[in-house]
There are 2 protein chains.
Amino acid sequence: MAERYSIGQMARIGNCKVQTIRYYEQIGLLPEPERSAGNQRIYNRAHMNRLGFIRHSRELGFSLDRIKEILALTDDPSHSCETVDQIARRHLLEVESRIKRLQSMRKELKRMIDRCSGNKVADCRIIEALSNHQLCLSERHPPE
Amino acid sequence: MAERYSIGQMARIGNCKVQTIRYYEQIGLLPEPERSAGNQRIYNRAHMNRLGFIRHSRELGFSLDRIKEILALTDDPSHSCETVDQIARRHLLEVESRIKRLQSMRKELKRMIDRCSGNKVADCRIIEALSNHQLCLSERHPPE
DNA sequence: TTACAACCTACAGTCGTTGTAGCTTCAAGA
DNA sequence: TCTTGAAGCTACAACGACTGTAGGTTGTAA
């Protein structure tokens with residue numbers, strides 16, 4: 001019943017290279033999986049999901065250390081509520097700031113594409129839209 | 001009238017190190033600025049905005065190569081519409097996929113925090129929420 | 001006018017990954 | 001059953017995007 005995945009299948013679904021997965025194992029982000037008689041790694045669905053989480057988080061720009069921290073929360077249910085609350089809230093603030101910035105990037109890209117369907121790219125304002133120093137500041141001094 | 005910024009001020013606003021800015025100059029992502037009599041870099045508002053765009057994009061997980069591509073569009077208004085359209089649309093798809101993933105991350109973080117205000121972290125589902133392989137797949141085979 | 005922070009170049013080190021070399025294992029068809 | 005080619009293994013070097021350090025110079029404010 002238990003699904004079994006080779007490292008190659010993991011890499012395909014995680015949208016990364018085989019070596020990346022071995023690297024995650026090496027630094028303790030993924031647990032050492034079982035091995036086949038011939039010493040090849042055998043993963044299960046839990047590994048797959050964990051890798052999925054890591055890869056999405058990486059693509060969204062979070063550091064491996066940050067990801068490790070979040071995973072630790074979910075690995076050990078004995079964490080105090082304060083700890084979870086602190087880390088999760090901090091992460092949430094960052095996630096929300098990223099959503100905001102991506103939304104303004106989306107708006108400007110759409111504007112660019114629309115305008116282009118006219119004829120000239122003459123005045124592209126994507127830089128102005130995203131240089132927006134207010135956003136930086138609000139991230140560094142979150143309103144609390 | 002023209003605002004003048006030192007490399008240190010740039011770094012502060014761009015939320016990065018001074019060396020990072022020199023590095024961007026070195027690889028041609030930022031233009032060489034004027035220099036003072038004593039050979040120190042002098043930036044203006046345009047540099048500032050450009051740096052802001054780069055830094056936001058980086059924090060949102062885009063590669064310098066991708067950023068260079070987008071900046072090239074805005075630098076040279078003589079690009080053909082097809083080029084702009086292609087690159088901008090591709091970027092837009094990725095931005096939208098990231099927004100989606102961040103939104104599901106946000107949802108799970110909120111759930112985590114709420115639940116915690118009860119008492120136990122017992123069942124955290126952030127991994128399941130974000131391992132979501134549908135999302136990967138839809139990104140790699142965007143619905144066209 | 002001095003003293004100290006901020007700048008300069010040049011180069012080494014780090015993090016997260018990717019590539020290469022040289023070998024072994026697995027699976028599928030002759 | 002044999003073989004052959006893809007996929008796996010370890011070990012280690014190289015890459016992209018920074019970050020730190022050394023050793024010196026400039027800018028500014030008391």
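Which residue of chain B has a side-chain N or O atom 3.0 Å from a phosphate oxygen of DNA strand D? The residue is B:Arg58, and I would like to begin with it today, while keeping in mind that what we have in front of us is a predicted model.

Let me stay with DNA strand D for a moment. There are two further contacts with its phosphates that I want to point out, and they come from both protein chains. In chain A, a side-chain N or O atom of A:Arg35 is 3.2 Å from a phosphate oxygen of this strand, while in chain B a backbone N or O atom of B:Gly38 lies 2.9 Å from a phosphate oxygen of DNA strand D. If we ask which elements give two or more residues to the surface near this strand, they are α1 (7-14) and α2 (18-26) of chain A, together with α2 (18-26) and α3 of chain B. The largest share, four residues, comes from α2(B).

Altogether 21 residues surround DNA strand D, and those that come nearest are A:Gly8, A:Arg22, A:Arg41, B:Gln19 and B:Tyr24. Of the strand's atoms that come within 4 Å of the protein, sugar and phosphate make up 85%. Sorted by class, the residues of this surface are five nonpolar, ten polar and six charged.

Now let us turn to the other strand, DNA strand C, which has 19 residues around it, with A:Gln19, A:Tyr23, A:Tyr24, B:Gly8 and B:Arg22 coming nearest. Here, too, sugar and phosphate account for 85% of the strand atoms that come within 4 Å of the protein. What does a polar side-chain atom of A:Gln19 lie 2.7 Å from? The partner is a base nitrogen of DNA strand C. Phosphate contacts are found on this strand as well: a backbone N or O atom of B:Gly8 lies 2.7 Å from a phosphate oxygen, and a backbone N or O atom of A:Gly38 lies 3.1 Å from a phosphate oxygen of DNA strand C.

As for the elements behind this surface, α2 and α3 (45-59) of chain A and α1 (7-14) of chain B each supply at least two residues, and α2(A) gives the most, with four. By class, the surface near DNA strand C has four nonpolar, nine polar and six charged residues.

Having mentioned α3 of chain B, I would like to look at this helix by itself. It runs over residues 45-59, which is 15 residues, and it reaches 21 Å from its first C-alpha to its last, close to the 21 Å expected at 1.5 Å a residue. At its N-terminal end, B:Asn44 acts as a cap, with a side-chain oxygen 3.0 Å from the backbone nitrogen of B:Ala46. After the helix comes B:Gly61, whose phi is positive, near 95°. Is α3(B) largely enclosed or largely open? Twelve of its 15 residues are buried, so the helix is largely enclosed by the rest of the structure; among the buried ones are B:Met48, B:Leu51, B:Phe53 and B:Ile54, and also B:Arg50 and B:Arg55.

My last topic is charge pairing. Side chains of opposite charge can pair when their charged atoms come close. Over all chains, the structure holds 20 salt bridges, and I will take you through three of them.

In one, the side chains of A:Glu94 and A:Arg66 meet at 3.3 Å, N to O, and this pair links helix α5 (residues 81-118) of chain A with helix α4 (residues 64-75) of chain A, across 28 residues. A:Glu94 counts as buried because its relative accessibility is 18%, and A:Arg66, at 14%, is buried too.

In another, A:Arg90 and A:Glu69 meet at 3.0 Å; A:Arg90 lies in α5 and A:Glu69 in α4 of chain A, so this pair ties together parts that are 21 residues apart in sequence. A:Arg90 is partly exposed, at 36%, and A:Glu69 is partly exposed at 26%. These four residues, together with A:Arg98, are linked in a network of salt bridges.

The remaining pair, A:Lys110 with B:Glu96 at 3.7 Å, crosses between chains, from helix α5 of chain A to helix α5 (residues 81-118) of chain B. A:Lys110 is partly exposed at 40%, and B:Glu96 is partly exposed at 24%.

How values were computed. Residues numbered from 1 in each chain as written. Chains lettered and ligands numbered in written order. Predicted model: local features only at pLDDT ≥ 70, side-chain atom pairs only at ≥ 80, totals over all residues. Heavy atoms only, no water. Expected span 1.5 Å × (residues − 1). Buried < 20%, exposed > 50% of the residue type's maximum accessible area, 1.4 Å probe, protein only. Polar contact = N/O pair within 3.5 Å; in protein donor to acceptor, adjacent residues only side chain to side chain. Near = heavy atom within 4 Å. Nonpolar A, V, L, I, M, F, W, Y, C, P; charged D, E, K, R; others polar.
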